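Please open the model in your viewer and display it as a cartoon. The tour below proceeds from the whole chain to one strand and its neighbours.

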Amino acid sequence: MVDTDSSIPKDFYSHFKIFHELMAVKVKDILLISSPYDAFIMEEDGSLASRIINEYSGLNLSHPPRVSRTVSASEALSILEKKEFDLVITTPHVEEMDAFSLGLRIKKIRPEMPVILLAHTTRGFYPPPENIDSSGIDKMFIWSGNSDLLLALVKNVEDHLNVEADTQKAKVRVLILVEDSPVYYSSFLPIIYKEIVKQTQQVLGVGLNEEHRLLRMRSRPKILLVNNYEAALALYRKYKSYLLGIISDTRIPRDNRLTDDGGAVLLSQIREEIQELPLLLLSSDSNNRQRADQIPAVFLDKNSPNMLSELHDFFLTHLGFGDFIFRMPDGTEITRVSDLRALQATLPDISDESILYHAHHNHFSSWIMSRSEIGLASKFREVQADDFNNANEIRHFIISSIQKMRKWQQKGVVAQFKAHSFDAQIMDFVRIGNGSLGGKARSLAFMSAFLQEAPHLYEKYSDINIRIPKTLVLSTDEFEHFIQMNDLRRFATQETPDTEIAASFLEAPVPDRLVRDLTAFLAQVDYSLSVRSSSLLEDAQFQPYAGLYETYMIPNNDPSLDTRLDHLLAAIKLVWASTYYEGPKAFSRNTSNQPQEEAMAVIIQELTGEAYGDYFYPAISGVTQSHNFYAVSPMKPEEGIAHIALGLGKTVVEGEKTMRFSPRYPSMLPQFSTVDDILKNSQRSFYALKIKNYPECLDFEHDCNLVKRDVDDAEDEFPVMALASTYIAEEHRIRDSSSAGGAKVLTFAQILKYQTFPLPELLIDMMDLARKGLGCPVEIEFSVNLSSNRGKKSDFNFLQMRPMVADEDRLVVQIDEEDIKNAFCRSQRTLGNGRNEKLADIVYAKPESFKVENTVQMAAEIGRINAELVKEKRPYLLVGPGRWGSADRWLGIPVQWQNISGVGAIIELRNSALHADPSQGSHFFQNITSQGIHYITVTEGSEDFFDWDWVGSFPCVRETEHMRHVRLGRAMIIKIDGRQSRCVMVKPR
């Protein structure tokens, strides 16, 4: 009995890596030796090289060979002495010697290289004269002006050269053609090749992208041409396990003489050994049809006017290239299916009698084999119908095997979206359009493929689903079409408020074709969606554009498909619109890029998390970086850092309160040193998506349905129970359990201290893998779904990856005692490396009037001062308390990039007014470091120092309610020693 639930080993599945190894020996260079007359005859309708190229491109085959021509035998031999060729084609009449003598001379120079004789007639050449040694000619073909012969000739040579390796590597199928007449096989072989290539292309066209379709063409059946009984029998014995079928003429040589029934004897002998192998008997004598019936074999009359259609029918009906036709044992047709997906869907409705009939005759394996699913077909052939207890077990075995194969096959593949063949259950990563995926989607696609090359990761964490959420990408050409159709490119250069740009985009129609594709997508997808940007420049090294474009999260669970489509289209349009918002344009001005050059792809991705009541969110969202800019002993910069939070990732990427830890030292938490520190620094709120009781018109101006919840409101929900500790007020103690009575505090102790989920170790392995893939320090965004059910795995979701700028190759900067003595600012926690003598302006938050509740107003005031300094082309030093760019106004001044686009260096003050942890995990921080802007943290009251009196002594250029702009007489000198993260700002002399 077969275990119908057992997994098929992955090496049974002909995943795409194996296709790269097939057809290793290619005919790339051909030497054609012909007299001028023969060349004229063959090239009357175009050059031989052009004909070969046309045949290749007409059948969508890759890499046509190059053809070199010479007219004399001596010149040909001289060329072969100097240059490597893969094939020689010679015509009968060349200068200095006959073709047979030339073949012998060529074999002395290149014994293994095939030599083909291409003649206009067999007269005088076939059979070769008895006194002539013909061993220098491998095969003879007859040229009749049919350019298809050139393709067949080249492909047949390649098949003979590759068949042994490809059958062993990938169990590629073999079709044997037995025909002794050069006239017949020269006309018949092109027909077979063209048929088999077209049929293979047709069955491989479903659900694959163009690259993989071309690769899988390499697994098409090999056609082996032989001209006598003994050679055919030898090939049959050698490739018996890989046979697709055998086609034989009735009259073939046997025992060195032409026999009238040699082919029939051959097929009869084979039929006794293999009952179900497709056999085709050819003959010019229609009386041999009875002999074919006795074998039994299909019969084809060479003189039939319908020979082509009959051959086509043989390929479809007997070799498995057509539809799979479900029949009853008496031959009655029930239904037919065209692909594996349809076969899987139809099997539950097929009667037991039909399934048993097809299983006993190996019809399933033969049909699947023709689709190049060699591993799956081989698995089916390893079992017999009698190995199962009943037809239902066979049905379940086939369905589950196809399901597993299709799912594994899609891993690491970016498939082209096709409405008729899209399957949301199987396809993990699909695209609409042929343009670029954009930076963010490109990194996801790379990591999706790269993870498939790391099976050790899945084995090590076998109890965790390591996955990339299901993804659909609208490529950049969809953006370009939308922009051009609605005349929206003007916003790239115009100074227009973001709200007006958004309104114009929302009013513009989307192409009907895209609407139809998205409708087909949503018809199968009802999970919540994250609609994210993926611009051409986004996540590029040294200019990541992190967080500058819009992201929207939509519930996608309205009963009305039209309503869900409206929500999705609005989100897509607004992501497109953000291409031309002021923030990205201001960032571009600091780079060499022009806004009009930008193009936006859109990622429509499964939102990760679980539903808890009216809300949807993951247990953990986070960012991990392979370089830690603020490493303290025993941590090392190259060991990395992680920031995690409860709920959706907005908390982390916008710089709000998070848990910061080193994956190498997860229990070392300086910010949690005391109970008071824990109470002060722990996360008190989180973001979730509201998925119930929401208005039909989503509020896209205010994060759609994203809501900020207090941790206390969710203390009965599983993530909080799994991640929180309890504060025992009367003991002023924190207990690492959420079950005790008392206020809940997010310490993540179960993860970081007790390793109930191996997040630190997994982050180390993921960073190592990603760094190897990108070849530089990386930043990864991720989320974790913790399972409350012991029988269900938890999920680690890989959301995004981008390169980091870590300044590892540093110039030596010396800071001496004289610098320290004359400094108005000193810091022990600094990003960057180098020397800057270009800044003479300082913009700072006035310490005497600073109040944290006014930080939003301060951001606007900085923006106005920044605009004036940008016009004057004067970069400046910006100074203020707390985290710059944090979305949480209580942690720092919430500036956006357009507010500070002219800044040259930034000081983040930690003092009694604001003592937040230094920035590191936010998008804002990533953009600052990528621009090479020096970022200095000054902790007042420590060894760090900022001379307020000296700065305040300079004349004020501009002043607002909360900000002041002063100008020095000459530029300050900023020195940063990146090796020790030290900085001094020296007063100008």
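What follows is a sequence of selections, each with a short account of what is there.

**The whole chain.** Begin with everything selected, and bear in mind that this is a predicted model. The protein chain contains 33 helices and 47 strands. Of its 989 residues, 59% count as buried. The accessible surface of the protein chain amounts to about 40600 Å², and 48% of that area belongs to carbon and sulfur atoms. Consider next the contacts between residues at least 6 apart in sequence: 73% of them join residues at least 24 apart.

**Strand S40.** Now select residues 876–881, which form strand S40. How many of the 6 residues of this strand are buried? The count is 6 of 6, and the strand is thus described as mostly covered. Display the side chains and examine each face in turn. One side carries Tyr876, Leu878 and Gly880, while Leu877, Val879 and Pro881 lie on the other; both faces are covered.

**Strand S39 and helix H31.** Add residues 841–845, strand S39, to the selection. In which sense do S39 and S40 pair? The pairing is parallel, over 4 bridges. To locate one of the bridges, find Asp841, whose partner in S40 is Tyr876. Then add residues 855–871, helix H31, through which the chain crosses from S39 to S40. This β-α-β crossover is right-handed.

**Strand S41.** Finally, select residues 903–910, strand S41. S40 and S41 also pair in the parallel sense, here over 6 bridges. Label Leu878 and Ile906: the latter, in S41, stands opposite Leu878.

Technical notes: Residues are numbered from 1 along each chain as its sequence is written. This is a predicted model: local features need pLDDT of at least 70, side-chain atom pairs count only at pLDDT 80 or more; totals for chains, interfaces and linings use all residues. Side-chain values use heavy atoms; hydrogens and water are left out. Helices (H or I, at least four residues) and strands (E, at least two) are DSSP runs, numbered from the N terminus. Buried means under 20% relative accessible area, exposed over 50%, partly exposed in between (1.4 Å probe, protein chains only). Contact means heavy atoms within 4.5 Å. Accessible areas come from the Shrake-Rupley method with a 1.4 Å probe; for residues, only the protein chains shown count as cover. Two strands pair if DSSP finds at least two bridges between them. A crossover is right-handed if, with the strands pointing away from the viewer, the path from the first strand over the helix to the second runs clockwise.
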